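Visitor: Please take a close look at one part of this model, and then lead me outward from there to whatever else is worth pausing over. I would like one connected account rather than a list.

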Amino acid sequence: MPTPSSTDEVAVLIGSYTPDSGGDGAGIAALKLAPATGHLAHDTGVPPLRVSGASFLAAHPSLDVVYSTNETDPGTVSALVGHGDGRLSPLGGPLSSGGANPCHLTVHPDGGWLLTANYGSDTAPGSVAVHRLDADGRPVELTDVAVHEGAGPVVGRQEGSHAHQVLVDPAGRYVLATDLGADAVFTYRLDTRTGTLEQVAVSQLRRGSGPRHLVFAPGGELVFSADELSSTVTCHRYDAGTGTLAGLSSVPATAVRNVTNQPGGIVASPCGRFVWVTNRGADTVAAFRVTGTTLEPIDEMPAGGTWPRGLTHADDHLLVANQHSGTLVALRVLDDGALRQAGPALSVPSVVCALVL
């Protein structure tokens, strides 16, 4: 994996849409963040790697391996291995994601399984796929695909299911998958002997909300959702015994009026006091204070570009991937949870996500 050239730099990988996936990006490229200043720069010592539709990246918990969605129809997933000089190279060829338009993935904490959320298409439902990983971290076998069923009231977006994120709960007991089309979170138990998923629950969320991504607060009792279709952020109580969510409170994702807005990325602070969300349409990043089981808006600032999609915590900063303007921006997190742009925007065509190494 790319390594910083000094102790004052943080290594970052970005993913972008490539020309064959509707964008102008390189795929995967290496950057450097200077935490003291918030300055972002391309790592000129690491050549970009053309990975089609690299819309989300995830790292293996113990190996120098990174995984990427290839957001196409039909979809694939790719694995990349890091070298001592910072270069990345493919670790085997792309494998079928088991569905259409994979948009999120994560590695199971035991390091043996890759979990992928397939958004689906107008004709293909959303689904969650499992790949077995070998000792080198290479995906070698598609072991299961769990297909979602459901729909919602929003015309043009919720005629069918659309899985948008897959994650493992803090206890490592359940696999959760948000579904924007079904207004639901599907809960699975992963059999780590066979790589198969057993559905154990479905949490039905507010109709028409279109849950996109979840983030857990420290401790795992509360979980927050970025609701793409209702332009809200919701606090849920998580039952670790059953793997289910119960909605507690919701707030608007942005204070900007007279604009169609779709929340994108969501991040919770390590201390559990703050939550931040990107707003596509308002083109802002909003900050909220967690007060009991409610969210209090405390700050909202320009995202440094248009259509802010990915949001990534990096040291004392948040990295904002502005897809349509092709800019990556570092926002400094202040002690009270408010944000300030730390350095100039960096040009990164069709950027949609960032991964801190």
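**A close look around Y238**

Guide: Y238 is buried, with a relative accessible area of 6%, which puts this tyrosine below the 20% under which a residue counts as buried. Please keep in mind throughout that the model is a predicted one.

The structure holds two aromatic pairs, and one of them joins F216 to Y238 in an edge-to-face arrangement, with 5.1 Å from centre to centre and 85° between the planes. That angle explains the name, because planes over 60 degrees apart count as edge-to-face. The pair links distant parts of the chain, since F216 belongs to strand β17 (residues 211-216) and Y238 to strand β19 (residues 232-239), 22 residues apart. F216 likewise counts as buried, at 14% relative accessibility.

The other pair is made by F274 and W276, whose rings lie 6.2 Å apart, centre to centre, and are tilted, with 35° between the planes. Both F274 and W276 are buried.

Back at β19, the loop between β18 (222-227) and β19 contains S231, which is a residue other than glycine with a positive phi, near 55°. This is worth a pause because most residues other than glycine have a negative phi, and most peptide bonds are trans. S231 is buried as well, having a relative accessible area of 16%.

From here one can turn to S250, which sits in strand β20 (residues 244-252) and, at 37% relative accessibility, counts as partly exposed. Once neighbours within four places in sequence are set aside, S250 is in contact with R206, V233 and T234. Polar contacts are found with R206 and T234: the side chains of S250 and T234 are joined at 2.6 Å, while the side chain of S250 reaches that of R206 at 3.0 Å. As for T18, it is 232 residues from S250 in sequence, and 36 Å separate the two in space, C-alpha to C-alpha.

Further along the chain, four strands form an open antiparallel sheet in the order β21-β22-β23-β24. Its edges are β21 (262-268) and β24 (294-302), each of which has a single partner strand, so that one side of each is left without a neighbour in the sheet. From one strand to the next, the twist averages 25°. The pairing of β21 with strand β22 (residues 274-280) is antiparallel and runs over five bridges, and within it A268 stands opposite V275 of β22.

Two loops elsewhere deserve the same attention to backbone geometry. In the loop between β29 (346-347) and β30 (351-356) one finds S350, which is not a glycine and yet has a positive phi of about 55°. S350 is buried, with a relative accessible area of 11%. The loop between β5 (65-70) and β6 (76-82), for its part, contains P74, and the peptide bond that leads from D73 to P74 is cis, its omega lying near 0°.

To return to the starting point, Y238 in β19 and F216 in β17 are the partners to keep in view, and their rings meet edge-to-face.

Key
Residues numbered from 1 in each chain as written. Predicted model: local features only at pLDDT ≥ 70, side-chain atom pairs only at ≥ 80, totals over all residues. Heavy atoms only, no water. Phe/Tyr/Trp six-rings, centres within 6.5 Å; stacked < 30°, edge-to-face > 60°. Buried < 20%, exposed > 50% of the residue type's maximum accessible area, 1.4 Å probe, protein only. Contact = heavy atoms within 4.5 Å. Polar contact = N/O pair within 3.5 Å; in protein donor to acceptor, adjacent residues only side chain to side chain. Pairing = 2+ DSSP bridges. Axes fitted to C-alpha atoms, helices over the stretch in contact; angles between N-to-C directions.
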